[in-house]
Amino acid sequence: MSTPAPPEVCSLDIGIGGMTCASCVGRVEKALKRVPGVQSANVNLATESARIAFPADAAQAAQMEALLRRAVRDAGYEPKAADAAIDTPDAGAWAGFAPVAWGLALCVPLVLPMLGDVLGQHWMLSPLWQFALATPVQFLLGARFYVAGWHALKNGSGNMDLLVSLGTTAGWALSVWLWLSAPAGAMVHLYFEGSALVISLVLLGKWLEVRAKRQTTSAIRALHALRPERAHLLRPEGEVDVPVAEVLVGDTLVVKPGERFAVDGLVTDGATQVDESMLTGESLPVAKEAGARVTGGAINGEGRVLVRVTAVGAQTMLSHIIRLVEDAQAAKAPIQRMVDQVSAVFVPVVLLIALATLLAWWLTGHSFELALIRAVAVLVIACPCALGLATPVAIMAGTGVAAKYGILIKDAQALELAHKVNVVAFDKTGTLTVGRPQLKALLALDANVALAPASMDPVLLQICASLQSGSEHPLAHAVVERARAQGLALLPLADARAVSGRGTEGLVDGQHYALGSLRWMQELQAQPALASPAGAAFATQARAMEAEGASVSALAQQQDGAWTLRALLAFADEPKRGAQEAIAQLRARGIRTVMVSGDNWGAARAMARRLGLDASPGSAEVLAEVLPGDKAAKITALKGDAHAHYTVAMVGDGVNDAPALAAADVGMAMSNIGGGGADVAMHAAGITLMRGEPRLVAAALDISRRTVAKIRQNLFWAFFYNVAGIPLAALGYLNPVLAGGAMALSSVSVMANALLLKRWKGP
């Protein structure tokens, strides 16, 4: 009896309005996780959104979304569209400032008498005027705190709003009681200004937070802005402007000079220069002609081109990039779990401390009035706003600025781990080298020396090119390109078969041939044997080519059941511009670099020397003759053991690198969107480098280090404000006004510190 396949896991994003602190995050997560079927729920205070995972089919997804939205509403918050914060038009720098302005304006007459006392002037307002000015601030402008605090109480928890509403209401009520109970004509000190000013300062802090949040989402906004609204569709009757949503795969679009490409496609006619800087970070335009790939969002240069659509909607590279950035900004870093645990018990503990403060001052002979003011100061300064913002705003700022330079960080765990990397393993071909090897020599078996490229045996070259015509391997492309350059037609190919890690075999013009590594030739027992005089000369020539840095393959023909060597092929690749500098940068930071190659030892060491790696025999910086299936095991070995563990990053660009990328602590997939990225490698990696620039590896580690540093700084300041502020307030060194100012300042300082990451410059 077969076991039914497990249901597919769906992911849903929901926007959440009304969250104010880390306690709100914990409350919403608990509410979402109580919905039957929910596997996980991560709530992000900075993005004001939640990502929920649950097993469901398409029919159940809509019902699940309704249940989740209801759970959010029942918890006291407002469910919104997932991208509401992104799609909301920017109303200007002062949007939402009106309540703050009203609060501050009403507070000015209440605060002026304090200044007058310093100047020796008596400007004290009557209790009635103080009441008239403070009450609208308390119950109209502060209504949001009462509503959110009441919802928290109904759900058996607490949050920042509860602390603010309790503290300020206590101060306002105390003032009313002192006013009404005072003897006629007596001058009593009231605390209306303290309660009103605390609410106004908290509103000011929240407004500054919202402004800062808009800056942290600027990367996503910029990527969304790359999507054109309309496209020029080419039909038999001519050009027709249509919405981009109506464009289909296979359509032909006209892209005029200066316009953005609406979707991904292939240029079918025309030539131009394309600005892909917003997608890859590459500032220089890229030449495009017929057959070249173009990506939606890139800007066309001076040429008019026709483009055949290859991907639309969510399948485009731009949508994939946006999704990666959103995933990283919605993810919860491992360090955040500790913050969540603290926040879960923070508000109840603060309420107990405030009660203890009240009782301690009152029972030691002080007035109830003084004891209550001390307790109010504890409630106000203890609001855990900064705790909830410390980690997500740093992650948003770090991933956003990294995306600007073509570094896409897929998840927060990769971001947090990357700064610990002390070993970087590079795949050689396509990562450290250009990845377009050329056929430098083709040597017939009966020759004594390698023939010059111009005089390659046309018959053997034609056979090799025909055999390789169905392969996507870079060496196969080099053979086919050389044959076409010499005007050779391809012969009929049948029964072609790729042998993993070895080469290709098949029937060319009815004859059975195999082309691949020398190791494979030995396994096939191809004649002449390398021990024979002819074979020894063949092997000597192969070693000489390898010593010069060439990758060597051989062609064998099967006759009467036995394989006979026919030719030796030598391929050479070039290091990428910046590869040697990238390795030097990593070494300067004390990071060990390793090159992993499937080439023979001679070719690998020759390239290693050109890259500045230690290529001496026995060096740990070069790993050669590594089969694709063995790369993951090599990465695991580099991690060390329990006695000496290393944090390893793997950098690769191909499908065969995917297992190694997954095995590494941090996988970095190097992609070139203009030439079509290796999607499998990108999915396996935690970080994607959107252009083939080796120096981006050091940059990715650097932005990780800086982001983690900002997270730690933010958490330190968030905890410092509370750990230092609560005792000071309880001991009477902070009045409610100073406590409110310090609490607002804590959130603003955390946001401002995180936004300093936007000044980071990539290569």
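Which backbone oxygen lies 2.7 Å from a polar atom of the side chain of Ser466? In this predicted model, the oxygen belongs to Gln462. The sections below start from this pair and then turn to other parts of the chain.

Ser466 sits in helix 17, which spans residues 458–468. An α-helix has 3.6 residues a turn, so residues three or four places apart point the same way. Ser466 has a relative accessible area of 0%. Buried residues are those under 20%, so Ser466 counts as buried. Further along the sequence, Ser466 touches Leu490, Leu491, Leu493 and Val508. That list leaves out residues up to four places away in sequence.

The rest of helix 17 is mostly covered as well. Nine of its 11 residues are buried. Leu460, Leu461, Gln462, Ile463 and Cys464 belong to this buried set. Ala465, Ser466, Leu467 and Gln468 belong to it too. Gln462, the partner of Ser466 in the polar pair, is therefore itself a buried residue, under the 20% cut-off. The N-terminal end of helix 17 is capped by Asp457. A side-chain oxygen of Asp457 lies 2.9 Å from the backbone nitrogen of Val459.

Helix 22 covers residues 601–611. Its buried residues are Ala603, Ala604, Ala606, Met607, Ala608 and Leu611. Gly612 follows helix 22. The phi of Gly612 is positive, near 90°.

Two packed helices are described by the angle between their axes and the distance between the axes. Helix 5 (residues 127–141) and helix 6 (residues 143–154) offer an example. Their axes come within 4 Å and cross at roughly 40°. The two helices are therefore oblique to each other. On the side of helix 5, the contact involves Gln138, Phe139, Leu140 and Leu141. On the side of helix 6, it involves Ala143, Arg144 and Tyr146. By class, five of the contact residues are nonpolar, one is polar and one is charged.

The next element is a sheet. Three strands form an open sheet in the order 10-9-12, with antiparallel pairing. Strand 10 and strand 12 stand at the edges. Each has a single partner strand, so one side of each is left without a neighbour in the sheet. Strand 9 (residues 272–275) pairs with strand 10 (residues 286–288) over three bridges. Here Thr272 has Lys288 of strand 10 as its bridge partner. Strand 9 is also joined to strand 12 (residues 299–300), by two bridges. In that pairing, the bridge partner of Val274 is Asn300.

In a regular strand the side chains alternate between the two faces of the sheet. Strand 9 shows such alternation. Thr272 and Val274 point to one face and are buried. Gln273 and Asp275 point to the other face and are not buried.

Finally, the chain as a whole. The protein chain has 27 helices and 26 strands. Of its 763 residues, 52% are buried. Contacts between residues at least 6 apart in sequence were also sorted by separation. Among them, 71% join residues at least 24 apart.

How values were computed
Residues are numbered from 1 along each chain as its sequence is written. This is a predicted model: local features need pLDDT of at least 70, side-chain atom pairs count only at pLDDT 80 or more; totals for chains, interfaces and linings use all residues. Side-chain values use heavy atoms; hydrogens and water are left out. Buried means under 20% relative accessible area, exposed over 50%, partly exposed in between (1.4 Å probe, protein chains only). A polar contact is a pair of N or O atoms within 3.5 Å; within protein, one must be able to donate a hydrogen and the other to accept it, and residues adjacent in sequence count only if both atoms are side-chain atoms. Contact means heavy atoms within 4.5 Å. Two strands pair if DSSP finds at least two bridges between them. Axes are lines fitted to C-alpha atoms, for helices over the stretch in contact, and angles run from 0 to 180 degrees between N-to-C directions. Angles under 35 degrees count as roughly parallel, over 145 as roughly antiparallel, 65 to 115 as roughly perpendicular and the rest as oblique. Ala, Val, Leu, Ile, Met, Phe, Trp, Tyr, Cys and Pro count as nonpolar, Asp, Glu, Lys and Arg as charged, and the others, Gly among them, as polar.
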